[in-house]
Amino acid sequence: MSIHVILASFFLILASASVAATSDNPHYLDRSLQYIPCLRSCDDGGNTGCKTEDISRFLFAGQSNMVGYTEEAKEGLFDELVEVILRKGVNKTDKLEEMEGYLNMATRSEAGSSKMEAKEVYKLRKFIKRKNFMDEPYAEAVCSWTEPPNSLDCERPVSPTACGKNFGPELMFAHAFQMQNTRLKNKKIGIVKVAKGGTTIRKNWMKVNVGEEENYWHSLVDAISASKGSIEAFVWFQGENDQFIDGGPESYLDNLNTFVADIREEIFKSSDNFQIPEDIPVVICELGNWIYNMDMMHTINNAQRTFVNNTANTILVEMGVDRNENQRLSAYCHYDPAGMMIIGDRVAKAVKKILNEA
């Protein structure tokens with residue numbers, strides 16, 4: 001598939017994300033009315049009060065790759081990969097070969113990336129084999145997904161379809177983080193996700209543009225406020241659309257600095273867990289190969305790296321950006337299910353590292 005077709009697909013999401021919010025949307029939030037954000041269980045039986053579970057949470061935010069869109073590269077690929085992992089009586093070599101074959105049929109796949117993704121997914125088999133990965137509610141983690149300008153979503157057990165299209169990094173993060181050696185090991189956690197495809201950092205997410213059309217800063221503030229001081233870290237997965245707007249790449253570093261500072265300030269105001277806002281851990285997921293390996297399109301990746309190198313208590317999650325196809329994830333604009341599970345595991349390891357260093 002040509003890069004022009006990929007861009008057309010990507011900007012279709014941008015166009016759909018830009019549809020004006022109206023009262024015709026049953027989930028549309030009218031801020032002219034009194035609104036108190038509440039993070040309640042989806043199974044609360046319709047109670048009018050707000051009872052928020054006392055657990056540690058992680059704020060996930062960004063654009064389409066945070067949302068998910070994992071079925072876009074190849075419909076049914078997730079089920080095919082899981083079926084291979086679960087199949088009994090088949091050796092590792094044969095499983096890897098079959099998964100590579102399925103991955104090679106996905107949009108923008110490459111032989112090297114398919115081989116790498118198959119190996120990495122096979123390493124995650126201990127999570128995929130759990131009954132609560134596919135067939136039963138995962139009692140150890142809940143998630144919510146708010147797609148602005150909709151009102152704050154409720155929390156439900158993590159599953160491959162609970163909080164995204166079909167899932168984002170939260171799925172494997174929820175399973176893998178439970179196994180990490182942190183003070184939260186084996187404790188129930190929550191992932192509060194606020195994400196919308198086709199968004200840019202300054203127009204859509206930054207506090208400086210509050211009140212402007214399609215600005216979603218208040219959605220982030222609502223999620224933070226409703227979490228009642230339980231947020232342990234912030235995970236940001238965004239930047240693709242900034243690559244294609246005038247001044248977007250050149251201003252991304254300054255915007256990211258300001259945006260993260262504002263997010264930290266909001267989390268700090270709601271929490272007693274940090275001495276200063278700069279203590280709040282921040283995880284940046286870098287852009288993938290479909291952006292990076294276009295000629296002269298390294299600016300936002302470089303901005304993300306510069307930000308992490310110069311900002312305390314931050315860490316970069318690498319997306320396999322590498323000229324060597326044997327070391328990178330697939331080159332499609334939306335990660336396939338294998339790539340997204342790998343990313344979720346990498347985010348879990350990054351959060352472990354930054355929490356243990358705090």
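Which residues of H8 are buried? They are Glu170, Leu171, Met172, Phe173, Ala174, His175, Ala176 and Phe177. In other words, helix H8 is mostly covered, with eight of its eight residues buried. Keep in mind as you look around that this is a predicted model.

Let's stay with the last residue in that list and turn to the aromatics. The structure holds 13 aromatic pairs. In one of them, the ring centres of Phe58 and Phe177 sit 5.2 Å apart with their planes at 70 degrees, so this pair is edge-to-face. The two partners come from distant parts of the chain: Phe58 belongs to strand E1 (residues 56-62) and Phe177 to helix H8 (residues 170-177), 119 residues apart. Phe58 and Phe177 are both buried.

Now compare that with Trp236 and Phe259, a tilted pair with 4.5 Å from centre to centre and 50 degrees between the planes. Trp236 is in strand E5 (residues 231-237) and Phe259 is in helix H11 (residues 248-270), so the pair ties together parts that are 23 residues apart in sequence. Here too, both Trp236 and Phe259 are buried. These two rings also belong to one aromatic cluster, formed by Trp205, Tyr216, Trp217, Phe234, Trp236 and Phe259.

Tyr216, from that cluster, gives us a route to another part of the chain. Its C-alpha atom is separated by 9.8 Å from that of Asn150, although the two are 66 residues apart along the chain. Asn150 is in the loop between strand E2 (138-146) and strand E3 (156-158). With 18% relative accessibility, Asn150 counts as buried, because the cut-off for buried is under 20%.

While you're in that loop, check the backbone. Most residues other than glycine have a negative phi, and most peptide bonds are trans. The peptide bond from Pro148 to Pro149, however, is cis, with omega near 5 degrees, and Pro149 is found in the loop between E2 and E3. Another cis peptide bond joins Lys165 and Asn166, with omega at about -20 degrees. Asn166 lies in the loop between E3 and H8.

Phi has its own oddities. Arg108 has a phi near 60 degrees, a positive value in a residue other than glycine. You'll find Arg108 in the loop between H4 and helix H5 (111-123), partly exposed at a relative accessible area of 30%. Lys228 also has a positive phi, near 55 degrees, and its place is in the loop between helix H10 (217-226) and E5. Lys228 is exposed, with a relative accessible area of 54%.

Next, the charges. The count comes to 16 salt bridges. In one of these, the side chains of Arg328 and Glu110 meet at 2.9 Å, N to O. This pair links distant parts of the chain, 218 residues apart: Arg328 is in the loop between strand E7 (314-317) and helix H14 (337-357), while Glu110 is in the loop between H4 and H5. Arg328 counts as buried at 9% relative accessibility, whereas Glu110 counts as partly exposed at 22%.

Arg183 and Glu232 form another salt bridge, at 2.5 Å, N to O. Arg183 is in the loop between H8 and strand E4 (189-195) and Glu232 is in strand E5, so to speak of distant parts is fair here as well: they are 49 residues apart. Glu232 counts as buried, with 6% relative accessibility.

For a local example, look at Glu266 and Lys269, whose side chains meet in a salt bridge of 3.2 Å, N to O. Both lie in helix H11, three residues apart, about one turn of the helix. Glu266 counts as buried at 13% relative accessibility, but Lys269 counts as exposed at 57%. Elsewhere, Glu83, Arg87 and Glu98 are linked in a network of salt bridges.

Finally, swing round to helix H4 (residues 92-104), where Lys92 is found. Lys92 is partly exposed, at 47% relative accessibility, and forms a positive surface patch with Lys119, Arg125, Lys126 and Lys129. Helix H4 also holds Glu97, which is exposed with a relative accessible area of 56%. Glu97 and Lys115 are 18 residues apart in sequence, and their C-alpha atoms are 8.2 Å apart in space.

How values were computed:
Residues numbered from 1 in each chain as written. Predicted model: local features only at pLDDT ≥ 70, side-chain atom pairs only at ≥ 80, totals over all residues. Heavy atoms only, no water. Patch = residues over 30% accessible without salt bridge, like charges linked within 9 Å, V, L, I, M, F, W, Y side chains within 5 Å. Areas by Shrake-Rupley, 256 points an atom, 1.4 Å probe, with all protein chains shown as cover. Salt bridge = Lys/Arg side-chain N within 4 Å of Asp/Glu carboxyl O. Lys, Arg positive; Asp, Glu negative; His and termini not counted. Charge placed at Lys NZ, Arg CZ, Asp CG, Glu CD. Helix = DSSP H or I, 4+ residues; strand = E, 2+ residues; numbered from the N terminus. Buried < 20%, exposed > 50% of the residue type's maximum accessible area, 1.4 Å probe, protein only. Phe/Tyr/Trp six-rings, centres within 6.5 Å; stacked < 30°, edge-to-face > 60°.
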